[in-house]
Amino acid sequence: MANIFEFNTHELPRRAGEMKEYQLDITLDEDMGVPLISVPAGDLIEVDARLESVTEGILLSADIYAIAKGECIRCLDPVEIVIDRKIQDLYRYEPSSDTRKEKKSQKKPRKNEEEDVDLESDDELWMDGNIMNLETPIRDAIVLDLPVNPLCSKECQGLCPDCGEKWASLGEGHVHEAIDARWAGLSGLDFKNSDE
Ligand SMILES: [Zn+2]
Ligand SMILES: [Zn+2]
């Protein structure tokens, strides 16, 4: 099964300085986000990508655009969050097994340390032949923009627990007479009992 996040870079010459730009529309096959708000399956993620051949691999610079959908945790209104984030990641060429060992054992200081600051993450990204898997950077970009507890607005007052109406649309003095509710229930029971 084709992975929707895999991108074939065969058009890009492997010479440092070569560059190509692409506009990718990725249709999600499953939700991407956090439990309470996510870009739903079937929706598009737009990726404006620039690929650049560099000595160690291919540098991906991209604008990620998508709309995450969820519900306000207080009032349950739909919440949409526009995700528009720039990313930059270096995909290293797959090294031979020998160089991989070398890299693990000795931490060489890099020449262009300043350029690499943003590229250094716990999980290094690797090319798989010509294939660049965009899933990790896209997922990171989306998840970073999403709140764990989505709200329709910071001031959302939520719902009245008794009637389920929004506090915002209820009058300021809105109360439920707890005693009324109890009487209504009791009187129903009482009548039935007394009939028998
Ligand atoms: Zn709300
Ligand atoms: Zn109420």
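**Strand pairing, core packing and confidence in the predicted model**

Strand β2 (residues 19–27) lies antiparallel to strand β5 (residues 44–53), and nine bridges hold the pairing in register. Within this pairing, Glu-21 finds its bridge partner in Arg-50 of β5. The structure described here is a predicted model, and confidence in its parts is taken up below.

Strand β5 also pairs with β6, again in the antiparallel sense, through eight bridges. Here Leu-51 is bridged to Leu-60 of β6. The connection between β5 and β6 is a hairpin of three residues.

Turning to the interior, the largest nonpolar core contains 26 residues, and those touching the most other members are Val-39, Ile-45, Val-47, Ile-64, Ala-66, Ile-138 and Ile-142. At least two residues of this core come from each of β4 (37–39), β5, β6, β7 and α3 (135–144). The biggest contribution is that of β6, which gives six residues. A core of this kind fits a general pattern: in soluble globular proteins, nonpolar side chains tend to be buried together.

Val-47 offers a handy view of the packing. Leaving aside residues up to four places away in sequence, Val-47 touches Leu-24, Ile-26, Ala-62, Ile-64, Leu-134 and Ile-138.

Helix α3 has four buried residues, namely Pro-137, Ile-138, Ala-141 and Ile-142. These residues sit on the same side of α3, because the arc they cover around the axis is only 130 degrees. The spacing can be read against a general rule: an α-helix has 3.6 residues a turn, so residues three or four places apart point the same way. The elements that the buried residues of α3 pack against are β3 (32–34), β4, β5, β6 and β7.

One backbone detail deserves a look on the way. Leu-76 is not a glycine, yet its phi is positive, at about 70 degrees. Leu-76 belongs to the loop between β6 (57–71) and β7 (78–92). With 13 other C-beta atoms within 10 Å, Leu-76 counts as partly exposed.

Finally, a word on confidence. The average pLDDT of the protein is 83, and 75% of the residues score at least 70. Two stretches call for more care in reading. Over residues 96–121 the pLDDT stays under 50, and the model has six contacts beyond four places in sequence for this stretch. Residues 191–196 likewise have a pLDDT below 50, with zero contacts in the model beyond near neighbours in sequence.

Notes:
Residues numbered from 1 in each chain as written. Chains lettered and ligands numbered in written order. Predicted model: local features only at pLDDT ≥ 70, side-chain atom pairs only at ≥ 80, totals over all residues. Buried ≥ 20, exposed ≤ 12 C-beta atoms within 10 Å, placed from the backbone. Pairing = 2+ DSSP bridges. Core = buried A, V, L, I, M, F, W, Y, C linked by C-beta atoms within 7 Å. Contact = placed C-beta atoms within 7 Å. Arc of directions from axis to C-beta. pLDDT = per-residue confidence, 0-100.
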